[in-house]
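Biologist: I should like to learn how to read a ligand site in a structural model. Could we work through one together, step by step?

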Amino acid sequence: MRIDVVTIFPEYFGPLDLSLIGKARASGLLEVGVHDLRTWTHDVHRTVDDSPYGGGPGMVMRPEPWGEALDALVAGGRGEPAGGAPGGGVRLVVPTPAGEVFTQAMAHDLAAEQRLIFACGRYEGIDQRVLDHAATRMPVTEVSLGDYVLFGGEVAVLVMCEAIVRLLPGVLGNADSLAEESHAHGVLESPVYTKPPEWRGHPVPEILRSGDHGRIARWRRDQALLRTARRRPDLLAALDPGTLDKRDVALLSGAGFQVRGADMAK
Ligand code: ADE
């Protein structure tokens with residue numbers, strides 16, 4: 001996969017050299033280009049913003065530098081012309097609090113792309129025509145990390161890159177961890193423990209030390225379901241009842257949680 005990021009703060013992306021993302025780059029699983037939007041300005045002040053049409057507070061990012069940046073990256077992000085499909089198999093991702101909410105499912109979809117371009121907006125955002133024009137050449141997705149407002153898209157892009165890159169084949173040493181983790185099946189992960197067996201008066205749950213793999217799996221499932229019901233009732237409500245067995249339903253209703261479509265449980 002190749003990821004290009006356009007930003008007025010390239011320094012934000014130092015962490016893309018570190019840890020498993022840095023390793024993925026070093027091993028050739030991932031290519032990253034970070035580009036300063038001001039490269040595509042032509043005035044002495046290297047201006048990227050202006051006041052909003054219609055009035056209102058703040059500034060809006062002007063379309064011209066963005067248009068030139070996207071032209072350059074789409075045409076020759078790797079020093080060669082893009083071929084094939086319009087946009088050359090590129091998806092533009094724009095972080096904004098006005099976007100659709102980023103989820104693990106979206107991370108999987110984005111991890112399946114060959115190329116991603118992230119456009120980091122600042123101020124009140126990017127002139128909408130940049131996105132509308134880009135959408136005539138490539139798929140464009142506006143994405144929000146959640147219902148809060150950041151200064152700009154840079155941190156959101158770091159978050160998305162981490163979620164996406166860890167899904168690329170070969171990046172995680174043990175791919176099994178992807179199957180077990182929170183959100184893999186619409187439920188949160190159960191708590192985890194390591195040595196010592198007792199710490200500051202808190203023992204590791206006995207069952208995890210029993211060696212009985214069937215009971216351990218059931219215990220983990222119970223903990224995962226109870227945690228999800230308590231902390232994220234929205235996830236529980238969205239669960240496909242076909243993924244629950246009768247024991248799951250009995251556990252949840254015993255703890256006071258009603259499961260939609262419980263009669264369909266296996
Ligand atoms: N930019 C500013 N706030 C954001 C958010 N919540 N998600 C994504 N990008 C943003």
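**Reading the ligand site**

Modeller: Let us begin with the record. The unreviewed UniProt entry carries the annotation "binding site" for Gly121, Leu145, Gly146, Asp147, Tyr148, Val149 and Leu150. Of this set, Gly121, Leu145, Gly146, Tyr148, Val149 and Leu150 belong to the lining of the largest pocket. Please keep in mind that the model is predicted.

Biologist: What takes up the space of the largest pocket?

Modeller: A pocket is found from the protein atoms alone, and one then asks what lies in it. Here, the ligand occupies the largest pocket. Two elements each give two or more residues to the shell around the ligand, namely strand E5 (90–101) and strand E7 (140–144). The largest share, three residues, comes from E5.

Biologist: Which residues surround the ligand?

Modeller: For such a list, a residue counts if one of its heavy atoms lies within 4 Å of the ligand. The shell consists of Pro95, Thr96, Pro97, Val143, Ser144, Leu145, Gly146, Tyr148, Val149, Leu150, Gly152 and Ala156.

Biologist: How many residues of each class does the shell have?

Modeller: Eight residues of the shell are nonpolar and four are polar, while none is charged.

Biologist: Which backbone atoms lie at short range from the ligand's nitrogen atoms, and how should I read the distances?

Modeller: A pair of N or O atoms within 3.5 Å is read as a polar contact. In this model, a backbone N or O atom of Tyr148 is 2.7 Å from a ligand nitrogen. For Leu150, a polar backbone atom lies 2.9 Å from a nitrogen atom of the ligand. For Gly146, the distance from a backbone N or O atom to a ligand nitrogen is 3.3 Å. The protein covers 96% of the 260 Å² of accessible area that the ligand has on its own.

Biologist: Where in the chain is Gly146 placed?

Modeller: Gly146 sits in the loop between E7 and helix H5 (154–165).

Biologist: Which backbone angles deserve attention in other loops?

Modeller: One looks at omega for the peptide bond and at phi for the residue. The peptide bond from Lys195 to Pro196 is cis, with omega near 5°, and Pro196 lies in the loop between helix H6 (176–180) and strand E8 (198–199). Arg46, although not a glycine, has a positive phi of about 55°. Arg46 is in the loop between strand E2 (31–36) and strand E3 (49–50).

How values were computed
Residues are numbered from 1 along each chain as its sequence is written. This is a predicted model: local features need pLDDT of at least 70, side-chain atom pairs count only at pLDDT 80 or more; totals for chains, interfaces and linings use all residues. Side-chain values use heavy atoms; hydrogens and water are left out. A polar contact is a pair of N or O atoms within 3.5 Å; within protein, one must be able to donate a hydrogen and the other to accept it, and residues adjacent in sequence count only if both atoms are side-chain atoms. Accessible areas come from the Shrake-Rupley method with a 1.4 Å probe; for residues, only the protein chains shown count as cover. On a 1 Å grid over the protein atoms alone, a cavity is a set of points where a 1.4 Å probe fits but cannot get out, and a pocket is an open set with protein on both sides within 12 Å along at least five of seven lines; lining residues have an atom within 4 Å of a point. A molecule sits in a cavity or pocket if more than half of its atoms lie within 2 Å of its grid points. Helices (H or I, at least four residues) and strands (E, at least two) are DSSP runs, numbered from the N terminus. Ala, Val, Leu, Ile, Met, Phe, Trp, Tyr, Cys and Pro count as nonpolar, Asp, Glu, Lys and Arg as charged, and the others, Gly among them, as polar. UniProt positions are given in the numbering used here, feature names are shortened, and annotations may be inferred rather than shown by experiment.
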